[in-house]
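Trainee: Please take a close look at a single part of this model, and then place that part beside the packing elsewhere in the chain.

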Amino acid sequence: MTANLLAINPVAFHLGPLPVNWYGIIIGVGIVVAYILAQKESVRRGLDEEFIADLLIWAVPISILSARVYYVAMKWDYYSVNPGRIIEIWNGGIAIHGALIGAFITAYIFTRKRKVSFLRLADIAAPSILIGQIVGRWGNFINQEAYGGPVSRDFLESLFLPNWLIEQMYIKEDGTYVHPTFLYESLWNLVGFIILLFARKWNWRRGEMFFFYLIWYSFGRFFIEGMRTDSLYLVGDLRSAQVVSIIGIAVGVIAIIYRRMNVKPVVHYLDIEKGDTTSKKQKPQSKKKK
């Protein structure tokens, strides 16, 4: 079977002279789906209906900025001699770890201001973060990026992939098919997302859904990153994503063990304990006339 070797056009349509790329559309869809999921769950858990929207007003632009800063920092040898290209985010060059760091810092400050437990929000948002990453990785598919080393077409067919996906995994510049590492990560995150949905019913301790996310995503990313050919490097052959992944796993494991040994009283995901401050305004009950 031969491929038609025609890559999908990364431009979805034009608004006058301005191209609108599929990458941006897909990232936007991921953010919207993640927001809807988090917003519904946050209301169910007792937060204001506007809480997640208010957070995203800050978190989205800061995450995009931090994703770019992270990428530029990892490619400083290039950008230090081409400073004018630092702002050219439309030409690509953002890193998911940078976005996550920016989002976590923003959420921590935001919850402190609103007097809401950060871990409470983080548990609510953990499945939404994964669903955003699941959808977002397909932007890499359209752009033919974030792929792995060369493979045969027979290998890709053995994975029971549809023909349109296999053809997009042919990189003309390299003259070869490649590992669809974007797909591996998307599917890995999908499994983690399903586990976290069940974890809500299992009623894990507060913070453990978020720490599970850190461990699960970081574990998969560590191995998938090792297959990629476009990694960012700290020093020599030291891949930055793998270093951050190791840190994420360590933080998640240590946090779970520490909190299980030292944090009392024990609060679970479905608990709203006495004195737990939320931003939800309770409507006063009307007094019945006697």
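Mentor: Setting aside neighbours within four places in sequence, Ser 231 is in contact with Glu 225 and Arg 239. The model is a predicted one. Both partners are reached through side chains: a polar contact of 2.6 Å joins Ser 231 to Glu 225, and another, of 2.7 Å, joins Ser 231 to Arg 239. As for position, Ser 231 sits in the loop between α9 and β6, the latter spanning 233-235. Ser 231 has a relative accessibility of 7%, so this residue counts as buried; the cut-off for that class is under 20%.

The nonpolar packing is a separate topic. The largest nonpolar core has 33 residues, and Phe 51, Leu 196, Phe 210 and Tyr 213 have the most contacts inside it. At least two residues of this core come from each of α1 (22-44), α2 (51-74), α4 (96-114), α5 (118-143), α8 (181-202) and α9 (208-225). Of these helices, α5 supplies the largest share, nine residues.

Tyr 213 shows what such packing looks like around one residue. Again leaving out neighbours within four places in sequence, Tyr 213 is in contact with Leu 100, Phe 104, Ala 126, Ile 129, Leu 130, Gln 133, Leu 196 and Ser 218. Leu 196 in that list is also among the residues with the most contacts inside the largest core. Apart from the largest core lies another, of 16 residues, including Leu 156, Leu 165, Tyr 177 and Val 178.

Notes: Residues are numbered from 1 along each chain as its sequence is written. This is a predicted model: local features need pLDDT of at least 70, side-chain atom pairs count only at pLDDT 80 or more; totals for chains, interfaces and linings use all residues. Side-chain values use heavy atoms; hydrogens and water are left out. A nonpolar core is a set of buried Ala, Val, Leu, Ile, Met, Phe, Trp, Tyr and Cys residues joined through side-chain atoms within 4.5 Å. Buried means under 20% relative accessible area, exposed over 50%, partly exposed in between (1.4 Å probe, protein chains only). Helices (H or I, at least four residues) and strands (E, at least two) are DSSP runs, numbered from the N terminus. Contact means heavy atoms within 4.5 Å. A polar contact is a pair of N or O atoms within 3.5 Å; within protein, one must be able to donate a hydrogen and the other to accept it, and residues adjacent in sequence count only if both atoms are side-chain atoms.
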